[in-house]
Protein chains: 2
Amino acid sequence: MEVLLRIDPLSSEALHRQLYDAVRTAILTGRLRPGDKLPATRVLAEQLSLSRTTVAEAYDQLQAEGYILGKHGSGTYVAPDLPEDASLAVNGRVHVRRSAEQPSFSQWGQKIVSGEYLHLARPEEPGDVEFDFRPHRIDGDRFPWQTWNSAVERALEHAREGLLRYPPSGGYPELLTQIATHIARHRGVNCFPEQIAIVNGTQQGLNLIAELLLQPGDHVAVEDPGYPAARLVFGTRGLQVTYVPVDGEGMEVDRLVHRQDIKLVHVTPSHQEPTGATLSLGRRLALLDWAERSWCVVLEDDYDSEFRYEGRPIESLQGLDSSGLVVYAGTFSKSVLPGLRIGFVVLPDHLVQPFVMAKSLWDSGTSVMEQAALAEFMASGEYERHIRRMRRIYRDKRDLLVTALQRCFGSHVLVGQRHGGLNVLVQFNLPYSEQEIVLRAGAAGVYLQPGSRYFAQRHDPPIFLLGFGGPAANRIEAGVTRLASALVPATQSSPVA
Amino acid sequence: MEVLLRIDPLSSEALHRQLYDAVRTAILTGRLRPGDKLPATRVLAEQLSLSRTTVAEAYDQLQAEGYILGKHGSGTYVAPDLPEDASLAVNGRVHVRRSAEQPSFSQWGQKIVSGEYLHLARPEEPGDVEFDFRPHRIDGDRFPWQTWNSAVERALEHAREGLLRYPPSGGYPELLTQIATHIARHRGVNCFPEQIAIVNGTQQGLNLIAELLLQPGDHVAVEDPGYPAARLVFGTRGLQVTYVPVDGEGMEVDRLVHRQDIKLVHVTPSHQEPTGATLSLGRRLALLDWAERSWCVVLEDDYDSEFRYEGRPIESLQGLDSSGLVVYAGTFSKSVLPGLRIGFVVLPDHLVQPFVMAKSLWDSGTSVMEQAALAEFMASGEYERHIRRMRRIYRDKRDLLVTALQRCFGSHVLVGQRHGGLNVLVQFNLPYSEQEIVLRAGAAGVYLQPGSRYFAQRHDPPIFLLGFGGPAANRIEAGVTRLASALVPATQSSPVA
């Protein structure tokens, strides 16, 4: 008998009854068919580590009910005619799955399965590569595991009551207070802790805001080049997306000022994704002024703002907002750990209740254990110390990367703005397409992430977002040298394009 | 000067530059108005713990750019006429927030803010009450903190690489394997680990399935009485909800068999929420047969299935399904901790990729730390030991509750099915309305959760879902006695209704 029969020795139910059920179900669902031979009681008892009496009891009941037949001298078989109450099941259900007639998807689901948006999804993690310049990676070797682990330990001690309940709406109060203090001090965000809602990463905040405020067909604006996940969220929701060009001062806000139909704009003012530009104060004020005149919600995604290496940090849009139109979103994916799914949004008063209810309806709140651990980490001062330390480490790694790129590639490379974050945008002036560069780099053991996914339209020459967060400092120069050896000689000897 | 100026001594930016920015921004946003007097350099230096030179430098630059004016012998003032590049900001933005003209909500958002569905949301946690019979609470005193904490510790050790990355799509592989083994063994669920997707609780699974498969206006079916959160999710999404009555054998499936228009049915077959009924095998087969004929997705919510005290457990619907129409949902909220937001869904093949992408699009995956900790807890065998131990504890507490109810209320109480879970459905035959019972109980220090939220329509006489998981065993009888003293005497002396 090929059919798996599951018997649970820990169950409170008698073993013979379990076996009876398992065989009966196998018959009813067609896994055992009329005429199939069953194993002898002794054999089955051994296979399932049951006593022979147990198996015999089950067989007796199955035979009494007409599911199986014992033939003297020949063995036990599934009955050719099943009991009447079983016929519906057997007649109706024993046939091959008709996979062509699958249940249909929603409009959103159709967009998801179409593959049309696949290039905007988070790229697959590459396998083992020698030099991994993926963007947005943190430096794992420098993560203060001991400090973090003891914050988790303290949380498990202090937050027991909290862990025994569903998470409080909005978030774990100690964490809300820590965040409010931190962002007031470092980002000029004006808020009470009650205006903060914890989410499982910025992405969830973006989705909840979109679900709460936008109907399919509504107009939204995003930066171009810009954050792929924002375009993914808006595109799959059937929104009309306006792409606003970006220059050295960030989003070109003046392109928006005559639009009255845009309901939400997504912007990365501290550190434009992917160019690294900082939205100038003049543009910030113009953006807020326009948003107020057209009642457009401004979603300020302040990712990476912790890592600024020079130049003047500019106060958040939220801190400049006097109309309650800015939703500020922050994340701990880079400043603590990406595997920790905690982000937050700061909401204007009138959106607090709707957002918190939307979050609660979606997933009943974010894990208390993580929230409590992060609150402990922040309250102890370790979070700020960690940020300060990593800022120096990342600044040095950025310098190593930029210096190596300029040394190895000379005029073949153009390195973008680099006063903050964990990546630089790099343009290679080489006679290769994006794909050729990726393949040549890959063959030489260097992983590069193509930049085309950041652009609404094809971009020439090819651009890459190179991360310096992940690789160890002493590997950066070697990686760039390797990359150059795969790309540069060709430009001097045998141009391909 | 009432305006808060934020200076960050940890910032890499010079202090005088920070102060310059802070004052300039305050002027541009109208927090400081033309003619406002600024504090003397000495005073401000003291307030902000800066040197007087720093303040003087900032004031000098502000004055050079025309933002402020120094008047000899009188002090320093915001300039009456601001520099030209600032005028847009000041003219456009310095006015009171027009709260009447808030951005509009989506149709979903409107349903959320309307309050129409508020009674279906998770009820607020009550404050301190002497006897708390809320349903779905676990026994915190018996939770194996030490074992859990050491699972977390091991996870932080073993899962470092995982924590440094975004969570893998679908879930943390070790956890998927543990879950697949557990549910095959105990719930008769047939699946490969790859068919499992981790979600932040069942609620998120329900939302993702609905978002993926259903359009507003589509028909769905739910049990009545039934899980309020399912009705909340479906109602706010603009779906047409059919309520299928429940009797002692669970959902009355024969009410559905002539319907061809239902795209999804939500069902709790192991332990019907809230009646505790088990869907009979005959009905399971009939449900699957109908679902296959009408291509209806069956969302099997197997909550509470770990805690079954007697009677035969019946194999999951998923294990009986041969058409790939069942989505099985499980949770660790009761079997481990509610503050741990981990649930999972088992998907038929053709839904695996769409679901995983939907989850990734929504929040980039569930926390690695929690997933790894749970995987350690399961792999060590502690999870099964915990379940077995709690099953005995909860069974005893259930007996205490039921015995006390029958002793104290006699014929005034009808206790529903009770072979599993953490609650019993109780009908009080008393001359009081639901609200009167809640208030009288509350005044006597007993928290009861009204059952009306489980019903599509008003239900008489009033029904309550009483939880025995939370209160300590030695408090259960005292709580019921207290409840009876608040409710029963009146029925004998002064009927109110």
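This passage walks through a predicted model of two chains, A and B, starting with how they meet and then moving to sheets, helices and a few backbone details.

Let's begin with the pair as a whole. A turn of 180 degrees, with a shift of 0.0 Å along the axis, lays chain B on chain A with an RMSD of 0.2 Å. That is the relation of a two-fold axis. For background, any two copies of a chain are related by a rotation about an axis plus a shift along it. The interface fits in with this picture: 100% of the interface residues of chain B are also interface residues in chain A, so the copies meet through the same surface.

As for the contact itself, 122 residues of chain B touch 122 residues of chain A. Putting the two chains together buries about 11,400 Å² between them, and 56% of that falls on carbon and sulfur atoms. On the polar side, 28 residue pairs are in polar contact between chain B and chain A, counting pairs with both residues at pLDDT 80 or more. The side of chain B that touches chain A gets the most from helix α13 of chain B (residues 349-363), which supplies 10 residues. Salt bridges between chain B and chain A come to two. One of them links B:Glu211 to A:Arg237, with 3.7 Å between the closest N and O atoms.

Helix α13(B) turns up again when we look inside chain B. Here, eight strands build an open sheet with mixed pairing, in the order β5-β12-β11-β10-β9-β6-β7-β8. At the edges sit β5 (196-199) and β8 (250-251) of chain B, each of which pairs on one side only. The partner of β8(B) is β7(B), residues 240-247, and these strands pair in the antiparallel sense over two bridges. Within that pairing, B:Val246 has B:Met251 of β8(B) as its bridge partner.

At the β5 end of the order, helices come into play. Helix α13(B) lies across β5, β11 and β12 of chain B and runs at about 20 degrees to β5(B). Helix α8(B), residues 173-187, also lies across β5, β11 (326-331) and β12 (343-346) of chain B, but its direction is about 110 degrees to β5(B). So what does α13(B) touch, going by these two descriptions? Helix α13(B) contacts strands β5, β11 and β12 of its own chain, and it also gives 10 residues to the side of chain B that touches chain A.

Over in chain A, there is an open sheet of three strands to look at, in the order β13-β14-β16 with antiparallel pairing. Strands β13 (413-415) and β16 (463-467) of chain A stand at its edges with a single partner strand each, so one side of each has no neighbour in the sheet. On average, neighbouring strands here are turned by 30 degrees against each other, direction ignored. Strand β14(A), residues 423-428, is joined to β16(A) by five bridges, the two running antiparallel. In β16(A), A:Phe464 stands opposite A:Val426. This sheet has a helix lying across it too: α15 of chain A (residues 382-409) lies across β13, β14 and β16 of chain A, running at about 160 degrees to β13(A).

Finally, a few backbone details are worth a look. The peptide bond from A:Glu273 to A:Pro274 is cis, with omega near 10 degrees, and A:Pro274 lies in the loop between β9 (262-267) and α11 (281-294) of chain A. In chain B, a cis peptide bond joins B:Glu273 and B:Pro274, with omega about 10 degrees; B:Pro274 is found in the loop between β9 and α11 of chain B. Another backbone detail is A:Ser49, which has a positive phi of about 55 degrees although it is not a glycine. A:Ser49 is in the loop that runs between α2 (41-47) and α3 (52-64) of chain A.

Terms used:
Residues are numbered from 1 along each chain as its sequence is written. Chains are lettered from A and ligands numbered from 1 in the order in which they are written. This is a predicted model: local features need pLDDT of at least 70, side-chain atom pairs count only at pLDDT 80 or more; totals for chains, interfaces and linings use all residues. Side-chain values use heavy atoms; hydrogens and water are left out. Two strands pair if DSSP finds at least two bridges between them. Helices (H or I, at least four residues) and strands (E, at least two) are DSSP runs, numbered from the N terminus. Axes are lines fitted to C-alpha atoms, for helices over the stretch in contact, and angles run from 0 to 180 degrees between N-to-C directions. Contact means heavy atoms within 4.5 Å. Copies are superposed by least squares on the C-alpha atoms of residues with pLDDT of at least 70 in both. Buried area is the accessible area (1.4 Å probe) that two parts lose on being put together, summed over both. A salt bridge is a side-chain nitrogen of Lys or Arg within 4 Å of a carboxyl oxygen of Asp or Glu. A polar contact is a pair of N or O atoms within 3.5 Å; within protein, one must be able to donate a hydrogen and the other to accept it, and residues adjacent in sequence count only if both atoms are side-chain atoms.
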